[in-house]
Amino acid sequence: MSSDTLVLRRPDDWHVHLRDGAMLAAVLPHTARQFARAIVMPNLAPPVTTTAAARAYRERILSALPPGADFQPLMTAYLTDDSDPADLEAGFRAGVFTACKLYPANATTNSAHGVTSIARITRVLETLQRIGMPLLIHGEATAAEIDVYDREAVFIESTLAPLVAAFPHLPVVLEHITSAEAVDFVGATGPRLAATITPHHLEINRTDMFAGGIRPHLYCLPIAKRERHRQALRRAAVSGNPKFFLGTDSAPHTIGAKESDCGCAGIFNAPFALEVYARVFDEEGALDKLEGFASEFGPRFYGLPVNEGRVQLRRSETLVPESVVAGDAVLRPFRSGQTLPWRFEGSV
Ligand code: DOR
Ligand code: ZN
């Protein structure tokens, strides 16, 4: 393999928003082109809270796949104060659910039905720990008085640390980490705690959101932090530590919903996710660490087999289009208008 081509075991996306209906049809081909499997977020309206709802959503995803696509959606259950542990266990044992997702109530898009306090889901957590079903966490404290840039660090101290201490055998993924505090906490905690890292949090800091004016397409939650945090995330991603693995958090909203008086949080990075990760690892002199991060550590954490196929990236300029149009949806992809130094060439 020359240094201008990069062949990887087929990667997976351990955190993605595929939405539903016309938006699902528009965005799914982009994820299915780059990834073999994806952990699908359940924050639809209404949220995917039961095995029956997840089964139906999985069918809609499979029906929306382009002909010939080889892609497996891994479903998650949206936890509420009223989640039924017996249904979650049944869904997990039946292979419908891969994990549960904990949104603190009102932390982000479609999280109004989320969990109001960890004490409300004690029985659920006991069940998850007993059956080894992973708990995926949007790790932000939500009290209005907490500064938006501090919400992840406050959550770790006030909620996550006591939770992992109380449930030491529960597999937990702190999703889309954005801070040095998260890197340090995950690194220092036992092997049952891991974290996903997005392409955008490896590339942007909070100042980039205001470069020359407000940049709504760079707004997501948890919000991008100071440069020193971005550097900590980059070190974690390329470290070869299997606790840190790929999750794009691709979260499409229409251009109209982003460029608005009250714009939605979310960055649509699915079309060029691997190209951006490759640029980051290349810049860090760590292309040899990309395969572990993208294709090995996630399956290892989830107890799933790695993918057998291989994909190739080539060092070749790739222009990211200004917009991606499909059906009624017009979306602005992450890095639109930019030229990326890598091109995803698909399976080899
Ligand atoms: O930026 C985000 N967008 N963060 C989330 O947690 C949710 C997501 C979405 O669903 O749009
Ligand atoms: Zn997300």
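A disulfide is a covalent bond between the sulfur atoms of two cysteines. In this predicted model, a search of the whole structure returns zero disulfides.

**First selection: the cysteines.** Please select Cys220 together with Cys264. The cysteine sulfur closest to that of Cys220 belongs to Cys264, yet the separation is 13 Å, which is too far for a bond; a disulfide would require the two sulfur atoms to lie within 2.5 Å. Cys220 is a buried residue, with a relative accessible area of 1%. Next, select Cys100, which also counts as buried because its relative accessibility is 0%.

**Second selection: ligand 1 and its shell.** Return to Cys220, which is one of the residues surrounding ligand 1. Display the others as well: His17, Arg19, Asn43, Thr108, Thr109, His138, Leu221, Ala251, His253, Ala265 and Gly266. By character, this shell comprises four nonpolar residues, seven polar residues and one charged residue.

**Third selection: the polar contacts.** Begin with His17, where a side-chain N or O atom is 3.3 Å from an oxygen atom of ligand 1. Proceed to His253, whose side chain places an N or O atom 2.8 Å from an oxygen atom of the ligand. At Leu221, the partner is instead a backbone N or O atom, 2.7 Å from a nitrogen atom of ligand 1.

**Final view: the enclosure.** How much of the area that ligand 1 exposes when taken alone does the protein bury? Of 290 Å², the protein buries 100%. Hide the ligand to inspect the space that it takes, which is the largest cavity.

Terms used
Residues are numbered from 1 along each chain as its sequence is written. Chains are lettered from A and ligands numbered from 1 in the order in which they are written. This is a predicted model: local features need pLDDT of at least 70, side-chain atom pairs count only at pLDDT 80 or more; totals for chains, interfaces and linings use all residues. Side-chain values use heavy atoms; hydrogens and water are left out. A residue is near a molecule or strand if one of its heavy atoms lies within 4 Å of it. A polar contact is a pair of N or O atoms within 3.5 Å; within protein, one must be able to donate a hydrogen and the other to accept it, and residues adjacent in sequence count only if both atoms are side-chain atoms. Accessible areas come from the Shrake-Rupley method with a 1.4 Å probe; for residues, only the protein chains shown count as cover. On a 1 Å grid over the protein atoms alone, a cavity is a set of points where a 1.4 Å probe fits but cannot get out, and a pocket is an open set with protein on both sides within 12 Å along at least five of seven lines; lining residues have an atom within 4 Å of a point. A molecule sits in a cavity or pocket if more than half of its atoms lie within 2 Å of its grid points. Ala, Val, Leu, Ile, Met, Phe, Trp, Tyr, Cys and Pro count as nonpolar, Asp, Glu, Lys and Arg as charged, and the others, Gly among them, as polar. Buried means under 20% relative accessible area, exposed over 50%, partly exposed in between (1.4 Å probe, protein chains only).
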